[in-house]
Amino acid sequence: MQEFSSSFGLAFNLLISFDADLLEIIGLSLRVSLIAVVIAAIIGFPLGASIAVMRFPGRQVVDILLNALMGLPPVVVGLLVYMMISRAGPLGWLNILYSPTAMIIAQIILIVPIVAALTRQLIEDLHREYDEQFRSLCLPMSRVIPALIWDARYSLLTVVLAGFGRAIAEVGAVIIVGGNINHLTRMMTTSIALETSKGNLALALALGLVLLLLSLSINAAVYALRASAKHLAYA
Amino acid sequence: MQQSMRCEPAPNILLMPETNQNSQLPLKVSELCFSVAQKQLVSDFNLELNTQGLTAIMGPNGAGKSLLLRLLHGLLQADSGGIEWNRQSLDIKTRQAQAMVFQKPVLLRRSVAANIDFVLQHCQTTSRKSRREILEEAGLYEQHEQPARLLSGGEQQRLALARALATAPKILFLDEPTASIDPSTTRQIEHWLERIRESGVKLIMVTHDIGQARRLASDVVFMHRGRLLEHTNAKVFFDTPKSSQAQAYLSGELVV
């Protein structure tokens, strides 16, 4: 119990003293996960919307596949990405193993299915409402899909949030392809794993608290945004 | 999947002399059948339409009026039979010269102005009016920055009508456009429809409002259980309906 409370005390000290190592780790985590989520949205929004709107043979298979991929085990993704980009792998020449880029790639693979599958659900509902009007206007798909994505923009924020939540909290994939190298690829989650195993509970706890705080404040921000959108009848 | 194609520049219908024939007419519907889950909803429907002005489609609920409108506009595919607009099949070019206003307006989750812009960007016709002209005509210019879905029911329907007109259609379908709108706004919309009619746009409107059909229609298509019972001049229809169903419908009896 003594250790428990002293860990909390140390953790708070680290936080309020803006410990340089701590800030570096938080900064890298945010940078990697934000880039990953932005790229995943750029891929996942049109992908999900296309599946929602278009009718093509094998659509159901794609749908099932996408939903199954939502639960991809991060360690497996990490392993596969590792095999691709390690020296002997087909993309070994890129020389990106144990770099933030590798972690971004792994996170993108993890969250694109989440973003695409949730987008498909949202856009399908909206499309049901707009379909006749759009067909009456003879709109080509190249106009329908961006219009639906734009009109679902506030609901899609929740989708981005789900993707970000998965990315920032994930440890299995980034530890394999990033290697948890100090000052280079050390993320909040990988540090927590490492520091805990080393017995340095204060740093682990401080990082844990930051993670919790982050997810709380992002959720609150999105909630506020959606509330204002509802107020404008845009959501 | 819709083909990607821009609207063809349409001749300015507003400058067209009234006597000029609408280039989409005549409409010829032959032996049209439509069913859902083996239930015949429109059967052996034949119709020839060559009149300017407003054609009212009337009949009790479940007569297939809205279905007919969607079939004519190409939103639904018939099981069999043919629809020809000026001897052309219902291809994308024909459809682009048509517009439709739905019973419940489908407005984008954007501002009033953005709802008009959305259509103007897609449909770059030579006769196109500016967003401001369109909104002023609808009496909505003051509200152009407002979110469209916060407008009142009547305003929403006016915006839907304005947006349909922004495509400069030659045929305008209206599916009970004033069904859930108060009398004074209904009157406003009716006056507007009169002006649209006079500009040479052919209007085809489903309505349950007998008074409205009397005020606006030049001819009436009366349907019952997916079949055409009468298609006559409006005055003849209202004064001397032939079928017993139409007589009952007009006298306010329950038609089943």
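Which are the buried residues of α6(B)? I opened the notebook with this helix, keeping in mind that the model is predicted. The list I obtained runs Thr185(B), Thr186(B), Ile189(B), Glu190(B), Trp192(B), Leu193(B), Glu194(B) and Ile196(B).

**Entry 1: helix α6 of chain B**

I checked the length of the helix, which covers residues 183-198 of chain B: its 16 residues should span 22 Å at 1.5 Å a residue, and I found its end C-alpha atoms 22 Å apart, in agreement with that expectation. I then looked up what its buried residues pack against, and the partners, each in chain B, are α4 (131-138), α5 (153-165), β7 (171-175), β8 (202-206) and α7 (210-216). At the start of α6(B), I noted that a side-chain oxygen of Asp182(B) comes to within 3.0 Å of the backbone nitrogen of Ser184(B). Following α6(B), I came to Gly200(B), which has a positive phi, near 105 degrees.

**Entry 2: chain B as a whole**

I counted 9 helices and 10 strands in chain B. Of its 256 residues, 55% are buried, and the chain exposes about 11,400 Å², of which carbon and sulfur atoms supply 48%. Taking the contacts in chain B between residues at least 6 apart in sequence, I found that 70% of them join residues at least 24 apart.

**Entry 3: cysteines**

I searched the whole structure for disulfides and found 0 over all chains. I also looked at two cysteines for their burial: Cys138(A) has a relative accessible area of 0% and is buried, and Cys33(B), at 13%, is buried as well.

**Entry 4: salt bridges**

How many salt bridges are there over all chains? My count came to 18, and I followed some of them in detail.

I began in chain A, where the side chains of Asp63(A) and Arg120(A) meet in a salt bridge with an N to O distance of 2.7 Å. Because Asp63(A) lies in helix α3 (residues 59-69) of chain A and Arg120(A) in helix α5 (residues 100-136) of chain A, the pair ties together parts that are 57 residues apart in sequence. I looked up the accessibility of both partners, and each is buried: Asp63(A) has a relative accessible area of 15%, while Arg120(A) has one of 8%.

I turned next to Arg110(B) and Asp151(A), whose side chains meet in a salt bridge at 2.6 Å, N to O. This pair crosses between chains, since Arg110(B) sits in the loop between β6 (98-101) and α3 (112-122) of chain B, and Asp151(A) in helix α6 (residues 141-151) of chain A. At 12% relative accessibility Arg110(B) counts as buried, and Asp151(A), with a relative accessible area of 2%, is buried too.

The last pair I examined was Arg132(B) with Glu136(B), a salt bridge in which the closest N and O atoms are 2.9 Å apart. Both residues lie in helix α4 of chain B, 4 residues apart, which is about one turn of the helix. I recalled that an α-helix has 3.6 residues a turn, so residues three or four places apart point the same way. Are Arg132(B) and Glu136(B) buried or partly exposed? I found Arg132(B) partly exposed at 45% relative accessibility, and Glu136(B) partly exposed at 42%.

I closed with a network: salt bridges that share partners join Arg59(A), Asp63(A), Arg120(A) and Glu124(A) into one.

Notes: Residues numbered from 1 in each chain as written. Chains lettered and ligands numbered in written order. Predicted model: local features only at pLDDT ≥ 70, side-chain atom pairs only at ≥ 80, totals over all residues. Heavy atoms only, no water. Helix = DSSP H or I, 4+ residues; strand = E, 2+ residues; numbered from the N terminus. Buried < 20%, exposed > 50% of the residue type's maximum accessible area, 1.4 Å probe, protein only. Contact = heavy atoms within 4.5 Å. Areas by Shrake-Rupley, 256 points an atom, 1.4 Å probe, with all protein chains shown as cover. Expected span 1.5 Å × (residues − 1). Polar contact = N/O pair within 3.5 Å; in protein donor to acceptor, adjacent residues only side chain to side chain. Disulfide = S-S within 2.5 Å. Salt bridge = Lys/Arg side-chain N within 4 Å of Asp/Glu carboxyl O.
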